[in-house]
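Please open the model in your viewer and keep the sequence panel visible. The tour below goes from the whole chain to single residues and ends at the ligand.

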Amino acid sequence: MCLVEKFVYFGNSLYSFLNSLYSFSIRLDRYSLHSFLGICLLLVQTEGLAETRIINGTCAADEWPWMAAIVYPNRPAIEGQYCGGALIHPSWILTAAHCTDGEDTNSIAILLGRNTLSDEGTGELIGIKNIVKHPDYDHDPENPAADLALLQLEKPYTQAAVLRVAEAYSDVTEVGKLATVIGWGQTSTKMRDSYADSLQQTAVPIVSNQVCNARRTYDGEVKDTMLCAGFAGGGTDACVGDSGGPFVMETDAGWQQIGIVSWGEGCARPYYYGVYTRVSSYQEFISEHVCEAQDTLPAPQVEVSINGQKATVSWNNVIGADGYQFYYAPYSDSISDVTFDNIHSLDIKNDTDFSAELSSGENFYVAAKAYRGNCYSDYSNIGMVIMP
Ligand code: 4AZ
């Protein structure tokens with residue numbers, strides 16, 4: 001259900017008005033922003049209520065079962081939520097490292113299965129056993145880096161399928177394509193106290209790092225391990241409170257996470273695109289940390305057959321696999337010429353072959369891996385497609 005936020009705000013305003021008579025302390029969290037801005041809300045209600053969600057989003061239907069709220073557990077979720085995250089393994093949440101700054105495993109918890117924060121009694125609140133920040137994380141807001149952390153749940157959450165993270169060599173993150181950002185963060189740049197009650201989503205196009213690093217934009221601050229998205233004219237964006245949440249793209253193999261809400265100069269401003277942690281850059285780190293022996297699948301065996309101009313690579317079915325990732329790289333006489341830059345991969349879902357029409361001389365090394373969630377088998381044997 002998507003709550004009309006007016007009611008929430010009006011209720012909050014009255015409550016906060018009374019509250020602020022007693023307290024003028026400002027703490028930088030959602031709860032006290034509610035209180036401090038209560039008076040302002042009463043004054044600017046008409047203008048503020050005309051604004052919409054995430055920034056310019058719509059209410060999310062219940063189509064994001066892996067969406068997690070990161071909360072201070074000793075408060076109602078509507079006050080305690082301050083970041084988003086995604087279930088990427090039954091026991092692990094992927095979020096932004098900056099969401100864990102100053103926190104420990106006791107101070108925060110994960111709320112899964114709740115779309116509307118004020119729907120107390122729905123979903124499940126699960127404690128955190130372990131916080132793993134990426135070792136390259138730099139919290140310096142002037143020079144952020146590797147803004148990702150993995151939060152291990154105290155017990156696995158098995159009510160939802162996990163969200164797949166874009167594979168290291170996959171090309172899903174294509175400039176110009178739309179992807180969707182999801183969160184309970186601020187819905188208005190005019191009103192700081194405009195956090196959403198119901199989960200919001202909005203679609204924004206992927207922008208090249210080159211455009212995002214232009215002088216009038218981020219002027220070189222955006223690293224290769226980051227991803228920008230938004231409109232040059234602004235207006236639609238993630239904002240405070242959406243941090244850590246997933247930025248997802250629909251692919252032939254289902255929704256995949258391509259980004260983590262990380263930073264930006266304000267929200268929804270012209271030329272200041274939203275900046276996301278580029279998830280494919282960290283896929284191997286993520287899989288390494290969350291996958292255990294029981295998640296490990298045997299590697300498939302590939303076979304190549306060539307029929308006229310049609311090359312087919314097929315492999316055996318691997319029991320327990322959700323799907324297969326297919327890898328290819330240009331053929332050369334020496335396999336050591338295959339580097340990160342010339343490997344590509346495709347998510348084949350649960351088919352066990354892949355075919356392409358090729359011309360003479362279009363030669364490739366090929367391989368496959370089986371996957372379950374974000375856990376991969378080793379590479380198969382390496383096949384060679386040599387076109388006559
Ligand atoms: C934040 O402070 C934040 N417009 C998150 C996202 C964006 C800006 C700020 C992107 O959490």
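Helices and strands here are runs assigned by DSSP, at least four residues for a helix and at least two for a strand, numbered from the N terminus. The model is predicted.

**Whole chain.** Show the chain as a cartoon and colour it by secondary structure. There are six helices and 22 strands. The chain has 388 residues, and 46% of them count as buried. Taking the contacts between residues at least 6 apart in sequence, 70% link residues at least 24 apart.

**The barrel.** Next, select strands 2, 3, 4, 5, 6 and 7. These six strands close into a barrel, and going round it the order is 2-3-4-7-6-5. Pairing in the barrel is antiparallel. On average, neighbouring strands of this sheet are turned by 40 degrees against each other, with direction ignored.

Zoom in on residues 81–89, which are strand 3, and residues 92–95, which are strand 4. Three bridges join this antiparallel pair. Show His89 and Trp92 as sticks: Trp92, in strand 4, is the bridge partner of His89.

**A loop residue.** Now select 109–112, which is strand 5, and 124–133, which is strand 6; the loop between them holds Thr116. Is Thr116 buried or exposed? Thr116 counts as buried because 21 C-beta neighbours lie inside 10 Å, and the cut-off for buried is 20 or more. Add Ala77 to the selection and draw a distance between the C-alpha atoms. Thr116 and Ala77 are 39 residues apart along the chain, and their C-alpha atoms are separated by 9.2 Å.

**The open sheet.** Move on to strands 15, 16 and 19. They form an open sheet in the order 15-16-19, with antiparallel pairing. Strand 15 (302–307) and strand 19 (353–357) are the edge strands, each pairing on one side only. From one strand to the next, the twist averages 15 degrees.

Strand 16 covers residues 310–315 and pairs with strand 15 over six bridges, in the antiparallel sense. To see one bridge, select Asn307 and Lys310: Lys310, in strand 16, is the partner of Asn307.

**The ligand.** Finally, select the ligand and the residues around it. Which residues surround the ligand? They are Asp237, Ala238, Cys239, Val240, Asp242, Ser243, Val261, Trp263, Gly264, Cys267 and Gly274. Colour this shell by residue class: six of its residues are nonpolar, three are polar and two are charged.

Technical notes:
Residues numbered from 1 in each chain as written. Predicted model: local features only at pLDDT ≥ 70, side-chain atom pairs only at ≥ 80, totals over all residues. Near = placed C-beta within 6 Å. Nonpolar A, V, L, I, M, F, W, Y, C, P; charged D, E, K, R; others polar. Pairing = 2+ DSSP bridges. Axes fitted to C-alpha atoms, helices over the stretch in contact; angles between N-to-C directions. Buried ≥ 20, exposed ≤ 12 C-beta atoms within 10 Å, placed from the backbone. Contact = placed C-beta atoms within 7 Å.
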